[in-house]
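Visitor: Could you show me how to read the packing features of a structure, giving the general idea before each case?

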Amino acid sequence: MRKLLLLATVLLVGLVFIARLFYLQVYNSSTYNIFEDTAIRKVYNYPKRGYVYDRNGKLLVANQPSYDVMVIPREVSPLDSLELEEFCGLLKITKEEYAKKLNKARNYSPRLPSPFVPQLSKTDYAVLQEKMRKFEGFYIQKRSLRFYQTSIGANVLGDLGEVNRRIIKRQPYYKLGDLIGKQGIELSYEDVLRGVKGIKFIQKDRHNKNIGPYKDGIYDTLPKPGKDITITIDSDLQAYGELLMKHKRGGIVAIDPQSGEILAMVTGPSYNPNLLVGRERNKNFSRLFRDTINMPTFDRGLQAQYPPGSPFKVINALIGLQEDVVDVGDKFTCRMGYYYGSRRLTGCHHHRSPVDMNAGIAQSCNAYFVNVYRRIVDKYDDAGKGMNIWSDHAKSFGLGNYLNNDLSVGRKGRIPDGDYYDRQYGDNRWGSTYIVSNAIGQGEVEATPIQLANMAAAIGNRGYYYTPHIIKNIEGDTIPKKFKTPNHTTIDKRHFEPVIEGMFDVYNKGTAQSLRIPGIDICGKTGTAENFIKIDSVKTQLTDHSIFVAFAPKDNPKIAIAVFVENGYWGSRFAGRMASLMIEKYIKGHITRTDLEKWILTHSLENEYKKPYSGEPFKINGETTLQVIDEYSINTNSELQNLNY
Amino acid sequence: MLRENHRGFKFDWIIIILFLLLVGFGYLNILSASHVGEVTNYFDTTQLYGKQLVFLGLTFVLVILILSFEAKFYERFASIIYLVAILALIGLFIFGKDVNGARSWYGIGSMTIQPSEFAKFATALAVAKYISDLQTNMQTIKDQLRVTAIIFFPALLILLQNDAGSTIVYLAFFFVFYREGLQQIYLIIGLSLIILAVLGLKFGILITAIIVSIVLISVYFFRKKKRGSILQYILVLLISIAFSYGVKLFYEHGIKPHQQNRISLWLRLEKDPAKLERMKKSEAYNLIQSEQAISSGGFSGKGFLEGTRTTGKFVPEQETDYIFSTVGEEWGFLGTSFVVITFVFLIIRILYLAEAQKSQFSRVYGYSVAAILFVHFTINIGMVMGLIPTVGIPLPFFSYGGSGLWGFTILLFIFVKLDSNKINEW
């Protein structure tokens with residue numbers, strides 16, 4: 001027994017040690033990650049973010065340097081009150097903020113760097129840099145911020161924001177404090193614009209001093225600069241569109257039908273993109289984002305999904321021709337509406353009757369299109385089958401689904417099919433008379449302005465469209481093939497001419513006679529969409545939305561456009577005028593009809609928008625009067641003016 | 001000599017191989033822990049790794065020297081060697097040099113020598129000599145006191161020189177005494193006192209008293225025959241309480257603040273977060289750094305000379321007392337368990353050979369060697385991994401330093417020599 005005591009103790013200690021080592025080195029040890037190794041300092045070298053140019057080579061977005069004070073909490077040595085005062089003074093923060101920020105960083109990770117005070121001004125940086133060495137655990141990280149050369153196109157250009165922890169978890173490339181595209185092209189072309197940051201691994205000693213490159217720098221990388229991109233936007237046209245949209249809400253999307261390039265993408269109200277740069281970004285972003293009335297961060301050109309109204313009628317005309325249920329010359333009677341037996345299913349405005357296709361489009365006759373639509377749906381015994389065929393035709397114009405392009409936001413819109421109504425009413429328990437609203441672009445049909453612009457492009461091209469996109473050129477790279485291949489509609493080319501003639505006559509003798517542009521043949525279609533909101537849970541009708549869809553010139557169109565103005569009343573009142581001006585601006589480069597331009601600039605819809613929030617009863621449509629404003633207040637260019645508040 | 005030759009090499013191969021493994025691996029880790037930048041000259045004696053290489057060379061000379069003495073020499077001269085060692089320790093008070101607050105070194109030119117490293121084998125020789133005397137009976141109080149005195153002198157001298165760590169090593173001789181006949185009751189009392197001390201510090205006197213009472217009551221009921229009087233039990237309880245209280249007093253007033261903090265860290269007594277934060281930068285700093293270095297090595301380590309914490313010298317004393325953290329970081333679990341297993345094998349091999357000795361002197365000496373190595377191994381690695389409170393003693397054959405390396409080499413190879421001679425013993 002006596003012989004065994006030491007032997008047993010030795011074995012016991014050996015086992016305990018192996019167990020402890022196993023716990024420390026195997027069980028409790030994560031795989032070695034150099035980024036978590038506090039003995040290695042990681043110095044990032046941020047590449048230049050790619051510049052953004054417009055289609056005419058005009059620089060829209062460049063960079064400016066910025067300096068972040070970063071902190072690695074566990075390396076911070078406690079400051080005495082004098083040092084603390086000096087440090088806080090340099091950073092322009094209070095002692096309480098210092099403690100709070102340090103705590104926040106420590107909660108994230110004591111080992112990894114967190115931004116302490118982001119985006120110092122250049123003068124603060126100069127002063128601080130000298131004294132930085134005194135404050136252990138803090139260092140300055142140079143980054144580059146965006147510098148917008150323009151005050152327009154906030155929704156197009158987007159902005160950069162700090163990555164959040166969710167993104168870091170998903171994409172370990174990003175480290176806390178890094179910037180990433182949040183909206184617009186900054187988001188959709190993040191990978192191209194960003195480049196790849198370079199990194200240097202430096203061996204530290206326990207006094208936090210650098211003692212040389214880690215493993216002679218074999219893991220170090222050089223930054224790869226981001227690529228410059230050219231976008232399809234015409235900044236002059238974009239700026240003009242934004243000017244026209246002032247004091248209104250709505251969206252304008254203009255596309256080059258021959259390439260699918262988006263020429264302008266206007267949303268109103270908008271804001272100056274420089275608001276979302278630098279230290280003020282967070283404050284401004286929440287101000288913009290929380291504005292649920294004006295919704296300046298909501299891109300109405302891409303995201304506003306509404307019944308398209310009358311412009312959709314031309315799709316029904318095309319489908320009718322394709323399905324061979326109507327001839328160009330077939331005439332239908334209109335008795336101020338469409339009657340099913342003695343029941344009026346839709347109303348109509350006053351025009352001559354009966355009308356053929358040309359007049360039906362030009363006069364926007366509701367009864368004509370209800371007839372055509374019913375013939376399409378009732379072509380087969382089964383309304384569901386007719387509806388499915390109708391739906392497929394409509395969807396071939398890029399409606400009812402995402403356009404699958406390179407924009408950061410979008411909506412599907414809605415083109416119902418037979419199944420949709422089977423679900424709504426029960427299998428086969430519905431017929432064409434239930435759903436006649438679709439004939440005139442009301443009812444279940446919904447689309448966004450960019451879908452309508454694309455639809456106009458497809459019509460202008462007589463049967464095909466290129467996916468609308470915003471990238472024109474990437475430095476040293478090609479743009480995706482899908483933007484170069486045409487998408488064909490299911491309508492034969494020959495059926496387009498009569499419909500286009502009808503759209504041409506909208507300007508010649510129809511609902512937009514007053515908006516003709518000398519020397520340019522425009523084909524268009526007005527639209528007016530009823531809309532409702534709930535005020536204290538009472539469904540209340542508001543003034544109609546004003547919609548206009550057009551392309552020009554009639555042959556080989558150069559521009560297809562959709563304009564949508566919330567509560568603008570009838571189609572040619574606001575949207576038509578604005579579309580006409582945009583077309584002239586793009587094709588001619590200047591405006592000949594200054595009185596028309598002045599009318600748009602001096603008429604505001606802001607009173608109209610205030611009505612639902614006033615808490616008082618209000619009148620709509622024909623019973624309203626237009627608000628006229630002083631035109632000189634428009635051209636002042638302060639940031640708040642840009643917000644249109 | 002002739003007789004020895006025709007029997008071939010008669011030294012224990014296994015011990016020599018294990019020794020070479022430890023010394024060789026130790027050198028590699030010292031190289032890692034002490035190099036700055038690229039190593040261009042391994043013999044650069046301005047660097048620690050260069051010096052260690054010189055020490056190693058001298059070690060082999062020393063080994064040959066030790067092995068070439070007559071085995072009987074060590075037994076015969078044990079007392080004289082012991083006296084010389086004691087004198088060397090006493091001499092420190094007059095001629096010694098202060099390093100880090102401990103007066104443990106002689107300075108000879110640029111070299112320093114630490115006599116306490118040599119006092120260990122001298123004490124082991126003296127203890128072996130005394131116990132192996134035919135007159136000695138370890139069961140008697142008289143001999144127990146005398147043999148305790150043999151270890152007490154060097155231990156006291158070392159303690160007075162402010163080297164508490166090296167003093168603790170002398171507890172190793174308890175294993176030797178126990179093997180040679182010390183009564184069981186000492187073991188029980190010794191263990192009980194350690195448990196009482198820890199309980200008292202960790203949970204306070206009251207809870208300790210309750211625990212002791214429960215244990216005593218159960219002992220009383222389980223011992224049907226020799227229960228003894230209840231008074232005895234009460235006496236034991238009172239002594240326990242008095243002892244715990246004494247330990248507490250000693251902890252609070254008898255030791256230096258840094259020692260107090262080390263114990264408080266080990267038992268996690270400190271609850272004040274501000275003080276803990278301060279400790280992290282002082283007493284706990286070394287421990288945290290070394291645990292991190294070991295953990296970061298993972299299963300297979302970062303590779304020789306590739307440890308980022310070792311290269312950055314994050315663990316203070318990493319080439320001496322904390323050399324095991326370098327093993328952990330660069331060689332991972334594979335390396336650390338190799339070191340642990342090698343030490344365990346070495347100690348067991350020494351124990352096995354000690355038991356096989358015919359002469360009691362050789363056996364007691366061998367046992368002492370095993371016990372001293374064991375205590376060093378346990379305290380050093382236990383401390384580096386945070387299992388026991390920080391006690392600054394080196395890891396044999398691993399830690400940087402000539403005195404330590406030579407002290408352990410002499411300790412071990414005297415036994416190798418004694419063992420080689422067992423065939424001649426009658």
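**Helix packing**

Guide: Two residues are in contact if their C-beta atoms, placed from the backbone, lie within 7 Å, and on that basis A:Gly384, A:Lys385, A:Met387 and A:Asn388 in α15(A) meet A:Gly418, A:Tyr421 and A:Asp422 in α16(A). By class, this contact of α15(A) with α16(A) has two nonpolar, three polar and two charged residues, where Ala, Val, Leu, Ile, Met, Phe, Trp, Tyr, Cys and Pro count as nonpolar, Asp, Glu, Lys and Arg as charged, and the others, Gly among them, as polar. This is a predicted model, in which local features need pLDDT of at least 70 and side-chain atom pairs count only at pLDDT 80 or more, whereas totals for chains, interfaces and linings use all residues. Residues are numbered from 1 along each chain as its sequence is written, while chains are lettered from A and ligands numbered from 1 in the order in which they are written.

Visitor: At what angle do helix α15 and helix α16 of chain A pack?

Guide: Angles run from 0 to 180 degrees between N-to-C directions, with axes fitted to C-alpha atoms over the stretch in contact; here the angle is about 135° and the axes are 7 Å apart. The two helices, α15(A) and α16(A), are therefore oblique to each other, since angles under 35 degrees count as roughly parallel, over 145 as roughly antiparallel, 65 to 115 as roughly perpendicular and the rest as oblique.

Visitor: Is B:Gln114 buried or exposed?

Guide: A residue is buried if 20 or more other C-beta atoms lie within 10 Å of its own, exposed if 12 or fewer, and partly exposed in between; B:Gln114 has 26 and is therefore buried. B:Gln114 touches B:Ser104, B:Trp105 and B:Ser403, leaving aside residues up to four places away in sequence.

Terms used: Helices (H or I, at least four residues) and strands (E, at least two) are DSSP runs, numbered from the N terminus.
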